Amino acid sequence: MSEDVSVVVVGSCMTDLVSQAPRLPKAGETIHGHRFFIGFGGKGANQCIQAARMGAKTAMVCKVGRDVFGNDYIQNFKNNGISTAYVEQTENAATGAASIIVNDTGENAIVIVAGANMLLGQEELQRALTAIVNAKVLVCQLEINPDTSLQALRMARENHVKTIFNPAPAIADMCSDFYKASDVFCCNESEAELLTGLSVTSVEDASQVGLELLNRGCGSVIVTLGPQGCVVCQSRNMAPKHIPTTAVTVADTTGAGDSFIGALAFYMAHYPTVSLEEMARRANLVAAVSVQTVGTQTSFPFRKDLPTELF
Ligand code: ADP
C-alpha cells in the first residue's frame with residue numbers, strides 16, 4: 001500500500017487555538033476576546049497537505065496525542081487523502097498546540113507546546129521505512145527532534161529518494177550534516193540569515209547566501225523572498241537565478257512558505273525532468289494563491305483551483 005506513495009513528510013502537527021481580542025492581556029489579567037477558532041497547523045502537516053492537494057499521493061510520518069486534537073488531526077489528514085498509516089498516537093504527551101492571541105492591530109502572542117511531536121523518533125521511522133525508501137521525495141523540517149529529521153533525510157538519501165529540507169524554525173547551531181543530506185535546501189530570508197550570519201534584504205543578498213549554503217554541501221538551494229518570489233542556486237558553476245512572482249492582493253501570508261514547499265515536493269515527485277527553476281516558478285504561483293485567502297491550510301489551493309499550465 002505504501003509503495004505508491006510519492007511524497008513522504010516526516011514532521012510536525014500542531015493545533016492552532018486562536019483567540020482574537022482587542023489587545024494582548026498583561027500578566028495575571030483576564031480579558032474578553034471577540035472570536036475563537038481552531039485551525040490545523042504545524043509545518044510538516046501543512047507541507048503534506050499542500051502536496052496532497054496538488055495531487056501527490058502522500059503519507060505523513062508524525063506523532064499526535066491520544067486526545068481529541070489528535071483524533072481531529074487524523075481525520076483532517078484523511079479528509080485530504082493523506083495516508084495516516086504512520087501517524088501514531090501517544091498517551092505520553094498532548095498533541096502539539098499553538099495558543100495564539102491576536103489583537104485588533106494584528107500583533108500576536110504565541111505559546112507553542114510541541115508535545116507529542118518531540119516523541120517522534122527512530123522507532124517510528126523504522127515502522128515507516130517501506131514508505132520512506134519507496135517514495136520519490138521526502139520532506140523534513142525542524143519542528144520535531146532534529147535528530148529524527150536528520151535520520152529520516154539520511155534514510156531517504158541512502159535509498160536514492162530526493163530530499164527537501166526546510167530548516168524551520170531555524171536553529172543557530174544546526175548540525176552541519178543537514179546540508180549534505182539535502183538535495184534541495186529551502187529556507188526563507190530570516191532562516192538564511194540565522195544560519196549564515198549574512199543579512200538578506202535583497203535578491204543579491206539571497207544569491208550570496210545561497211552560494212554559501214551550497215558551499216556547506218547542499219545539492220541545491222532555494223531562498224524564498226515573499227513577494228519577490230525566490231532565488232534558486234543549483235551549483236557553484238551556475239549563476240544564482242532570481243525567479244520573480246506575480247503581484248497579488250495579500251490577505252494573509254501565514255503558511256506561504258509551507259504552500260511553496262508542498263508544491264515543490266509535488267513537482268519534484270511528479271515532474272522529475274522539469275528544471276528546478278521551472279518548479280520554483282510554479283511553486284511561487286501556487287503560494288501566491290495561498291496568500292490571497294485568510295488562514296493556513298484553509299488557504300492552500302486544490303489542483304482543481306489552479307491553472308492547468310501549472311501541471
Ligand atoms: P515564509 O512563509 O516561510 O516566511 P516567504 O514569505 O518567503 O516564506 O514566502 C514563501 C513563498 O510564498 C514566496 O517565495 C512566494 O512564492 C510566496 N509569497 C509570499 N508572500 C507573497 C506575496 N506577498 N505575494 C506573492 N507571493 C508571496
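These legends accompany four close-up views of a predicted model.

**View 1. Asp258, a buried residue in helix α9.** Let's start with the residue that the record singles out: an unreviewed UniProt entry annotates Asp258 as "active site". Asp258 sits in helix α9, which covers residues 256–270. Buried or exposed, how does Asp258 count? With a relative accessibility of 8%, Asp258 falls under the 20% cut-off, so it counts as buried. Setting aside neighbours within four places in sequence, the contacts of Asp258 are Lys43, Asn46, Gln47, Gln50, Asn166 and Phe300.

**View 2. The surroundings of the ligand.** Here you can look at the ligand, which has 16 residues around it. The closest are Thr224, Gly226, Gly229, Gly257 and Asn284. Three of the polar pairs are worth picking out, each with an oxygen atom of the ligand on one side. For Thr224, a polar side-chain atom is 2.8 Å from a ligand oxygen. Gly257 offers a polar backbone atom, also at 2.8 Å from an oxygen of the ligand. For Asn284, an N or O atom of the side chain is 2.7 Å from a ligand oxygen.

**View 3. Helix α8 and its buried face.** This helix runs over residues 203–215. Its end C-alpha atoms are 18 Å apart, which agrees with the 18 Å that 13 residues should span at 1.5 Å a residue. Which residues of α8 are buried? They are Val203, Ala206, Ser207, Val209, Gly210, Leu213 and Leu214. Looking down the axis of α8, you will find these buried residues within an arc of 170°, so they line one face of the helix. The general rule helps here: an α-helix has 3.6 residues a turn, so residues three or four places apart point the same way. Glu204, Gln208 and Asn215 are exposed, on the face of α8 turned away from the buried side. The packing partners of the buried residues are α6 (177–180), β10 (184–188), α7 (189–196), β11 (220–224), β12 (230–233) and β13 (241–243). Do glance just past the helix too, where Gly217 adopts a positive phi of about 120°.

**View 4. Cys62 in strand β4.** Our last stop is Cys62, which belongs to strand β4 (residues 58–65). Its relative accessibility is 0%, so Cys62 counts as buried. What does Cys62 touch, leaving out residues up to four places away in sequence? The list is Gly11, Cys13, Phe77, Tyr86, Val87, Glu88 and Leu120. Ile144 is 82 residues from Cys62 in sequence, while their C-alpha atoms are 8.9 Å apart in space.

Conventions
Residues numbered from 1 in each chain as written. Predicted model: local features only at pLDDT ≥ 70, side-chain atom pairs only at ≥ 80, totals over all residues. Heavy atoms only, no water. UniProt positions renumbered as here; feature names shortened; annotations may be inferred. Helix = DSSP H or I, 4+ residues; strand = E, 2+ residues; numbered from the N terminus. Buried < 20%, exposed > 50% of the residue type's maximum accessible area, 1.4 Å probe, protein only. Contact = heavy atoms within 4.5 Å. Expected span 1.5 Å × (residues − 1). Arc of directions from axis to C-beta. Near = heavy atom within 4 Å. Polar contact = N/O pair within 3.5 Å; in protein donor to acceptor, adjacent residues only side chain to side chain.
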